[in-house]
Amino acid sequence: MKKTSFLFRYAPINAFLLLNLLLNPVKMFAQAQRQEIIRINTLENSLVLAADDKGQLKQLYFGKRMNDSLPTAAMAQAAVAFPAYGTNVSDAALRITHADGNLTTRLVYERNTVTKIDANVSKTTVYLKDSYYPLHVRLCYKTYSEQNIIEQWMELEHKEKTPVTLYNFASASFAFQSPAPHLNYFYGDWAKEFNAVETALTEGTKVLDSKLGVRTDQMTNPSFLLALNGKMDEDNGEVFAGALAWPGNWQFRFEMDYQKRLQVTTGMNPFASQYQLAPNTVFKTPAFLFTFSSEGSGEVSRRFHRWARKYGIKDGYASRDILLNNWEATYFDFDETKLSTIIKDASSMGFELFLLDDGWFGNNYPRNGDNAGLGDWEVNTKKLPHGIPYLIEQCRKYNLKFGLWVEPEMVNPKSELYEKHPEWVLTAPHRDIDLQRNQLILDLSNPVVQDYVYGVLEKVVADNKGISYLKWDCNRYLTNPGSTYLPKDQQSHIFIEYSRGLIKVLDRFRKKFPDVTMMVCSGGGGRMDYGTMPYFQEYWPSDNTDALDRIKIQWGANHFYPAIGLASHVSVTPNHMTGRTTPLKFRFDVAMSGKLGMDLQPGQMTPEEKEFSRKAIQTYKEVRNVVLHGDLYRLQSPYSHDRAAIAYVSEKQDSVLVFNYLQQKSIYGDNTVIKLKGLKKEARYKISEINKATFSRLDAYEGKTFTGEFLMTTGLQFTMYNEFESAALLLTLQ
């Protein structure tokens, strides 16, 4: 694979500059000495900035760690590090209308500071100001050295006499020059999340974004990988990758000119979101997290996973409970007797937590379907005459934890809450109410509504001692936006202020109830982002639990989000969504590659299925630490092969789990060689199959030991034939 040349980092040096360098070396050296070089480093990455002689902040270099000095000539054609609208005609990271109507901004460098937060984390702040107006911008960079992740955001404030209007307000901007960049991202819809796509970037502008308002994504995830030297490879090549930490609208723009100069601009989506900023008020953008890998996309994923387990997801170093959800067994139709039976069955199978899903609340408007009751968070006394405490006690009796479903941001028109406070919903005046799943969205830009939503959660947990788990859902996106709380000239603030309000509620709840485990769900994977995840231990990537579909959904999700939070459940067959029938072993092998749970009810199983499930659950308890905390290696893609394969390698490289899935029948057999990665070369590993079915394809390897070198170079070769056949292997260091 071609390497991007050193000069591609900051654009080629032209002949004039080379001549100047040869004829005037002393002058050029003196100019270099006057420049203040700002180095933002991790163990493997360097981002180098400096101000030119006009005070403009330039990006001199971004890529693999480099401590050498840079040629002075690099400055002349280096790209502006954070372009503001004015003299530039490319994408503007910042576009403002000043109080006097001036449409342009010219940012000049003032100074920078570096603060060491701890042995691993440092913060660099670059201070910029407008050359005329009393407007100040701070570019903030937080480095996570060991994980090789950099976090960047922008803070803006001014002292103009009246508000300024922000039209573009990116978190970060980057410049590259590369002959064949390929963009990789993840698109989809409800039940079809995280489809991986790769496209070559050509001259023009490519935009990835979301305008869903109260959801981050579902159609497209706020993450991407940019392969700089052609098509992306798992183990080779230069890859720039990033994700936005924000639970609302977002936008990534990729603009390439005829000279193959590429500008990447990332941040909140400015669409319909112009923002009036009052004097002496700080406008802070969400953080953009990014890394540069010279070892392909696999290294990108492992860096993000390590960072997330330590900094990006709640309780990233803890374990996770195996839960049983009642939803697919009962939907809204349940009572105490049904639930008590499910709880007893769950205990007999080895589950650790029972989750009661939608339908437990509402009396005047009982929640017997999705058309009523949302907003009325009192226990339905007809279904549960003894309340939630009775179910908690049933769980205690059978040594289970108890969890509950909530959707606190939403309301049905058929509810007491809506009758009392119709002004609390987001909807445009003089327009018909636009329902999705028969519900509306509460206006979290309103502090009173924030208090109400927090109060709902506090009351549910405080009144029902023993709730240890909440599943927080969000089953619609925003249409016909309008707020009765925001002034008429600030209606375009809705998208930003809603997300800020949500974060305030989450932050407040977490401070009061730090030990309650929470799963984030949004009609599936609509809120998988690093702005939401610090408040949650788990995330639900899709309402589609079909094991075959989940292979690709989880393959896409794991490029940025670690298995420790990725909830993956064994469901009924034929699957309620797809109608597809798959073997129980196949469903378990797929679910065990994430955070295992189950919707399939023990009462629906044959004795043989129960026995297999008990053993699989016990096995997962023994090996889950490898999945939840290990390094992920994607071995064979479900997009390019009938057989997909992934592996998790423990931190000490002493335990390895390998999952193989055959997606469709192979007439002559699929005998692909699977070469492992991340092992100790000289060590020996013993192979054993887990979740064994009535037959095995692994007799040639079962119980035998092989060196890490053999497993990584020669690999494992065994034939798989049948549609939805799977094989899971455990390798242990000898």
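Me: Is N371 buried, partly exposed or exposed?
Reply: Bear in mind that we're looking at a predicted model here. N371 sits in the loop between strand 22 and helix 7. Its relative accessible area is 38%, and the partly exposed class runs between 20% and 50%. So N371 counts as partly exposed.

Me: Which residues does N371 touch, leaving out those up to four places away in sequence?
Reply: The loop holding N371 lies between strand 22 and helix 7. Contact here asks for heavy atoms within 4.5 Å. Setting aside residues up to four places away in sequence, N371 touches N412, K414 and N438.

Me: How far apart in space are N371 and K504, C-alpha to C-alpha?
Reply: Along the chain, 133 residues separate N371 and K504. In space, C-alpha to C-alpha, the distance between N371 and K504 is 28 Å.

Me: Which residues of helix 7 are buried?
Reply: Helix 7 covers residues 387-397 and packs on a sheet, where it touches strand 22 (353-356), strand 23 and strand 26. The cover over its buried residues includes helix 6 (336-349) along with strand 22, strand 23 and strand 26. The buried residues of helix 7 are G387, I388, L391, I392, Q394 and C395.

Me: Which residue just after helix 7 takes a positive phi?
Reply: Helix 7 spans residues 387-397. Just after it comes a residue with a phi of about 60°, and that residue is N399.

Me: In the open sheet of 8 strands, which strands stand at the edges?
Reply: The order in this sheet is 28-27-26-23-22-21-30-29, and the pairing is parallel. An edge strand has a single partner, so one of its sides is left without a neighbour in the sheet. That puts strand 28 (538-539) and strand 29 (567-570) at the edges.

Me: What angle does the direction of helix 7 make with that of strand 23?
Reply: Strand 23 (residues 401-406) pairs with strand 26 (residues 467-472) in the parallel sense over 5 bridges, and G403 stands opposite Y469 in strand 26. Helix 7 touches both of these strands as it packs on the sheet. The direction of helix 7 makes an angle with that of strand 23 of about 145°.

Me: Now the antiparallel sheet: why is one side of strand 31 and of strand 36 left without a neighbour?
Reply: This open sheet has 6 strands in the order 31-32-33-38-35-36. Strand 31 (631-636) and strand 36 (705-707) stand at its edges, so what leaves one side of each without a neighbour is having a single partner strand.

Me: How much does that sheet twist from one strand to the next, on average?
Reply: The sheet is the open one with 6 strands and antiparallel pairing. From one strand to the next, its twist averages 25°.

Me: Which residue in strand 38 stands opposite L662?
Reply: Strand 33 (residues 655-662) and strand 38 (residues 725-733) pair in the antiparallel sense over 8 bridges. L662 falls within strand 33. Opposite L662 in strand 38 stands E725.

Me: Which helix packs on that sheet, touching strand 31, strand 32, strand 33, strand 35 and strand 38?
Reply: Its direction makes about 95° with that of strand 33. The helix takes in residues 607-629, and it is helix 13.

Me: How are the rings of F304 and Y530 arranged?
Reply: Both F304 and Y530 are buried. F304 lies in helix 4 (residues 296-312) and Y530 in the loop between strand 27 (517-520) and strand 28, so the pair ties together parts 226 residues apart in sequence. Their ring centres are 6.4 Å apart and their planes stand at 20°, so the pair is stacked.

Me: And what kind of aromatic pair do F586 and Y661 form?
Reply: F586 is buried and so is Y661. F586 belongs to helix 12 (residues 584-591) and Y661 to strand 33, so this pair ties together parts 75 residues apart in sequence. With 6.2 Å centre to centre and 85° between the planes, the pair is edge-to-face.

Me: What is the radius of gyration of the protein?
Reply: The C-alpha trace spans about 85 × 70 × 45 Å along its principal axes, and buried residues make up 61% of the 734 residues. A compact globule with 734 residues would have a value near 27 Å, and the protein agrees with that at 27 Å.

Note on methods:
Residues numbered from 1 in each chain as written. Predicted model: local features only at pLDDT ≥ 70, side-chain atom pairs only at ≥ 80, totals over all residues. Heavy atoms only, no water. Pairing = 2+ DSSP bridges. Helix = DSSP H or I, 4+ residues; strand = E, 2+ residues; numbered from the N terminus. Axes fitted to C-alpha atoms, helices over the stretch in contact; angles between N-to-C directions. Buried < 20%, exposed > 50% of the residue type's maximum accessible area, 1.4 Å probe, protein only. Rg over C-alpha atoms; globule rule 2.2 N^0.38 Å. Phe/Tyr/Trp six-rings, centres within 6.5 Å; stacked < 30°, edge-to-face > 60°.
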